[in-house]
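Please find below my notes on this model, set out as numbered points. They are meant to be read beside the structure.

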Amino acid sequence: MVRAAVPEFAGRVQERFGAYRHHVLATLRKDGAPRLTGLEADFRYGELWLGMMVGSRKVLDLRRDPRFSLHANPGPGTGLSGGDVRVSGRALEVTGPEVVARYAAVVKPPEPFHLFRAELTEAVRTYIQDSCVVLESWVPGRPLRTIRRTSDDAALQVE
């Protein structure tokens, strides 16, 4: 969906996630508090996939409430090459044997595993350009929004 709406932006988001293997997933606990855990995310077949160990807390969280956020691994140092990227949405569990088998044949995860397909509701990329912090934000049905800001700005500069 992101790729169809804003292909260049989607490419930058996917490239940033592809820079490192492990990322940070936020789910909601039963009491509504956030839970942060490590996760290997995978862009495949034009979609974002989340694979998880059987019995993990994140699986239980997503089955109860499918909302999630996924933050790309920032990598070493403070450079943030490619920007700081996060996506949010709903994780839909995939149980169809054909889809799970097709995914497993290519990715070769430790089995057994749970597989979720991400339905994105937001993608955000933040980076530094000249003396500005630039925030690019996409939500379904809206154009890409870009905000530029310096620490001296009293108001946001929305493009």
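Which residue in strand 3 is the bridge partner of phenylalanine 43? The answer opens the first point.

1. The bridge partner of phenylalanine 43 in strand 3 is leucine 48, and it should be kept in mind throughout that the model is predicted. Strand 2 and strand 3 run antiparallel and are joined by four bridges. The hairpin that these two strands form leaves two residues between them, and in its turn tyrosine 45 has a positive phi of about 60 degrees.

2. Strand 2 also pairs with strand 1, again in an antiparallel arrangement, and here seven bridges join the two. Within this pairing, alanine 26 has leucine 36 of strand 2 as its bridge partner. The hairpin of strand 1 and strand 2 has five residues between the strands, and glycine 32 takes a positive phi near 90 degrees in it.

3. The aromatic residues deserve a point of their own, since the structure holds four aromatic pairs. One of them is formed by tryptophan 49 and tyrosine 103, a tilted pair with 5.8 Å from centre to centre and 40 degrees between the planes. Because tryptophan 49 lies in strand 3 and tyrosine 103 in helix 4, this pair ties together parts that are 54 residues apart in sequence. Tryptophan 49 counts as buried, at 3% relative accessibility, and tyrosine 103 is buried as well, with a relative accessible area of 4%.

4. Tyrosine 103 also forms a tilted aromatic pair with phenylalanine 113, at 6.2 Å centre to centre and with 40 degrees between the planes. Since tyrosine 103 lies in helix 4 and phenylalanine 113 in strand 6, this pair ties together parts that are 10 residues apart in sequence. Phenylalanine 113 has a relative accessibility of 14% and so counts as buried, the limit being under 20%. Taken together, Tyr45, Trp49, Tyr103 and Phe113 form one aromatic cluster.

5. Two arginines should be looked at together with aromatic rings. The charged end of arginine 102 sits over the ring of tyrosine 45, 3.7 Å from the centre of that ring, and tyrosine 45 is also the turn residue with a positive phi in the hairpin of strand 2 and strand 3. Arginine 125, for its part, lies over the face of tyrosine 127, at 4.2 Å from the ring centre.

6. The largest pocket has a volume of about 520 Å³. Its lining is made up of 23 residues, of which Arg21, Glu40, Ala41, Gly51 and Val107 are the closest to its centre. Helix 2 (7-18), strand 1 (22-28), strand 2 (34-44), strand 3 (47-53) and helix 4 (97-107) each supply at least two residues of this lining, and strand 2 provides the largest share, six residues. By residue class, the lining of the largest pocket divides into 12 nonpolar, six polar and five charged residues.

7. The second largest pocket has a volume of about 320 Å³. It is lined by 17 residues, and those closest to its centre are Met1, Val2, Gly46, Glu47 and Leu120. Two or more lining residues are given by each of helix 1 (2-5), helix 2, strand 2, strand 3 and strand 6 (113-129), with strand 6 giving the most, five residues. The lining of the second largest pocket divides into 10 nonpolar, two polar and five charged residues.

8. Some backbone details should be checked in the loop between helix 4 and strand 6, where proline 112 is found. A cis peptide bond joins glutamate 111 to proline 112, with omega about 0 degrees. Lysine 108 has its place in the loop between helix 4 and strand 6 too, and although lysine 108 is not a glycine, its phi is positive, at about 55 degrees. Lysine 108 is exposed, with a relative accessible area of 62%.

9. A positive phi in a residue other than glycine is also found at aspartate 130, where the value is near 55 degrees. Aspartate 130 lies in the loop between strand 6 and strand 7, and is exposed, with a relative accessible area of 74%.

10. Finally, leucine 135 has its place in strand 7 (residues 132-138) and counts as partly exposed, at 28% relative accessibility. The C-alpha atoms of leucine 135 and arginine 149 are 8.5 Å apart in space, while the two residues are 14 residues apart in sequence.

Methods:
Residues are numbered from 1 along each chain as its sequence is written. This is a predicted model: local features need pLDDT of at least 70, side-chain atom pairs count only at pLDDT 80 or more; totals for chains, interfaces and linings use all residues. Side-chain values use heavy atoms; hydrogens and water are left out. On a 1 Å grid over the protein atoms alone, a cavity is a set of points where a 1.4 Å probe fits but cannot get out, and a pocket is an open set with protein on both sides within 12 Å along at least five of seven lines; lining residues have an atom within 4 Å of a point. Grid points are joined across faces, edges and corners, and a volume is the space filled by probe spheres set on the points. Ala, Val, Leu, Ile, Met, Phe, Trp, Tyr, Cys and Pro count as nonpolar, Asp, Glu, Lys and Arg as charged, and the others, Gly among them, as polar. Rings of Phe, Tyr and Trp (its six-membered ring) pair if their centres lie within 6.5 Å; planes under 30 degrees apart count as stacked, over 60 as edge-to-face and the rest as tilted. Buried means under 20% relative accessible area, exposed over 50%, partly exposed in between (1.4 Å probe, protein chains only). A charge sits over a ring if NZ of Lys or CZ of Arg is within 6 Å of the ring centre and within 35 degrees of the ring normal. Two strands pair if DSSP finds at least two bridges between them.
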